[in-house]
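Student: Could you take me closely through one part of this structure, and then follow the connections outward from there? I would like one continuous account rather than a list.

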Amino acid sequence: MAAVTAAAVSIPSSSSSTAAASCPAHCFLPCTQPRNRAPHHRGLLLRAQVSTTDAVAAPAKKEKISKKQDEGVVTNKYRPKEPYVGKCLLNTKITADDAPGETWHMVFSTEGEIPYREGQSIGVIADGLDKNGKPHKLRLYSIASSALGDFGDSKTVSLCVKRLVYTNDQGEIVKGVCSNFLCDLKPGSDVKITGPVGKEMLMPKDPNATIIMLATGTGIAPFRSFLWKMFFEKHDDYKFNGLAWLFLGVPTSSSLLYKEEFDKMKTKEPENFRVDYAVSREQTNAQGEKMYIQTRMAEYKEELWELLKKDNTYVYMCGLKGMEKGIDDIMVSLAAKDGIDWLEYKKQLKKGEQWNVEVY
């Protein structure tokens, strides 16, 4: 059994929203060298000496035990040919009117038929046909709600979607099919959903872990799901006692996502939650460089490196692909001081499920 704790609603006056159901009191929304071979004659000799009755069975492979909350995880319950059809319950613009681009938070009904976990994704198939007269291909989106959902009843799933609009080389305005379909959804509209999919971004089992979350833009989605479970809900089998440290990078302060929720978490659990923002078009570091997510992390590089040397620290990264290289650049010299090759060390972190990346 689990319950959702209450939290006040904060509605930015610049946001527009449409809703078929009232936003719950706990929500702050406006309403991814070969082995040396033995000589051939030795092989023959060995075979002559071993009879079938004396053969020793090879030891069974030791089953790897995951450090993540993967027990009973469901994947691909719904597929493109037979998607689940949910209803849009709420669709709200969560960036200010002067932000560079629109980002929307939307809630769909599932009636409990899509049993997802925090860190998974769903697919969405836009209505209509493509230029070849075939149904549109699905697009994957990281889930932005905890497994209980924004309404706390395990019957909804939420997404955080940026409307894709750009000008191509011919000077034509191009609109992303699925993102615009989603951002334009009205409450009551049907939406075709596939999945859930993914295990890379599942939360760690250890309730005392240090979880470092690195997000750019809508890459915040899986971390909102983590943080709601950690700080807005009560579970009989899970209580987070570790450190959750979020770094969120956006271009302008008007495009910060879910800030009111994170402020509330910080007030509620100051010893367990830290959040640092990197606003690239408005902030600079001491050297006058633009404040990207890796720039902000560099301010805490020694502390971060010490955390990364612990076996209960987990890093999750979601968003733009370029940010991983920027983080590598920070860590290479720090690790070298301890005689460690960072890139090799990162491989070991990945093998141990402590370095998890979903970028695009």
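Tutor: In this predicted model, a good place to begin is helix α3, whose buried residues are A221, P222, F223, R224, S225, F226, L227, W228, K229, M230 and F231. Because 11 of the 11 residues of this helix, which spans residues 221-231, are buried, α3 is largely enclosed by the rest of the structure. The buried set includes residues with charged side chains, R224 and K229, and K229 leads on to the second largest pocket, where K229 is among the residues nearest the centre, together with Q69, R117, E118 and A147. That pocket has a volume of about 350 Å³ and is lined by 17 residues, which divide by class into 7 nonpolar, 5 polar and 5 charged.

Further along the chain comes strand β12, made of residues 233-235, in which H235 is placed. H235 has a relative accessible area of 18%, and since buried means under 20%, H235 counts as buried. The side chain of H235 is joined to that of E233 by a polar contact of 2.8 Å. In the loop between β12 and β13 (243-250) lies D237, which, at 71% relative accessibility, counts as exposed. Although D237 and P207 are 30 residues apart in sequence, their C-alpha atoms are 9.9 Å apart in space.

From here the account can turn to the annotated positions. The UniProt record, an unreviewed entry, carries a "binding site" annotation that covers S142, K162, T218, V250, P251, S280, R281, K290, G319, L320 and E358. Two of these positions, R281 and G319, can be set against each other. R281 lies in the loop between β14 (273-279) and α5 (293-298) and is exposed, with a relative accessible area of 56%, whereas G319, found in strand β15 (residues 313-319), is buried at 0%. Once residues up to four places away in sequence are left out, R281 touches P100, P251 and T252, and of these P251 is itself covered by the annotation. With its neighbours within four places in sequence left aside, G319 is in contact with T216, G219, E358, V359 and Y360, and here E358 is the contact that the record includes under "binding site".

One of the contacts of G319, V359, leads to helix α7, the place of E324. E324 and V359 are 35 residues apart in sequence, yet 8.8 Å apart in space from C-alpha to C-alpha. E324 counts as buried, at 15% relative accessibility, and, not counting residues up to four places away in sequence, E324 touches M317, K346, K350, W355 and V357.

W355 in turn takes us to the largest cavity, which W355 lines together with I212, L214, M297, L304, L308, V315, I327 and M331. The volume of this cavity is about 50 Å³, and three elements, β11 (210-216), α6 (301-308) and α7 (323-337), each supply at least two residues of its lining. The lining has 9 nonpolar residues, with no polar and no charged ones, whereas the lining of the second largest pocket, reached earlier from α3 through K229, has 5 polar and 5 charged residues beside 7 nonpolar ones.

Conventions
Residues numbered from 1 in each chain as written. Predicted model: local features only at pLDDT ≥ 70, side-chain atom pairs only at ≥ 80, totals over all residues. Heavy atoms only, no water. Helix = DSSP H or I, 4+ residues; strand = E, 2+ residues; numbered from the N terminus. Buried < 20%, exposed > 50% of the residue type's maximum accessible area, 1.4 Å probe, protein only. Polar contact = N/O pair within 3.5 Å; in protein donor to acceptor, adjacent residues only side chain to side chain. 1 Å grid on protein atoms, 1.4 Å probe; cavity = no way out; pocket = protein on both sides within 12 Å on 5 of 7 lines; lining within 4 Å. Points joined across faces, edges and corners; volume = space filled by probe spheres on them. UniProt positions renumbered as here; feature names shortened; annotations may be inferred. Contact = heavy atoms within 4.5 Å.
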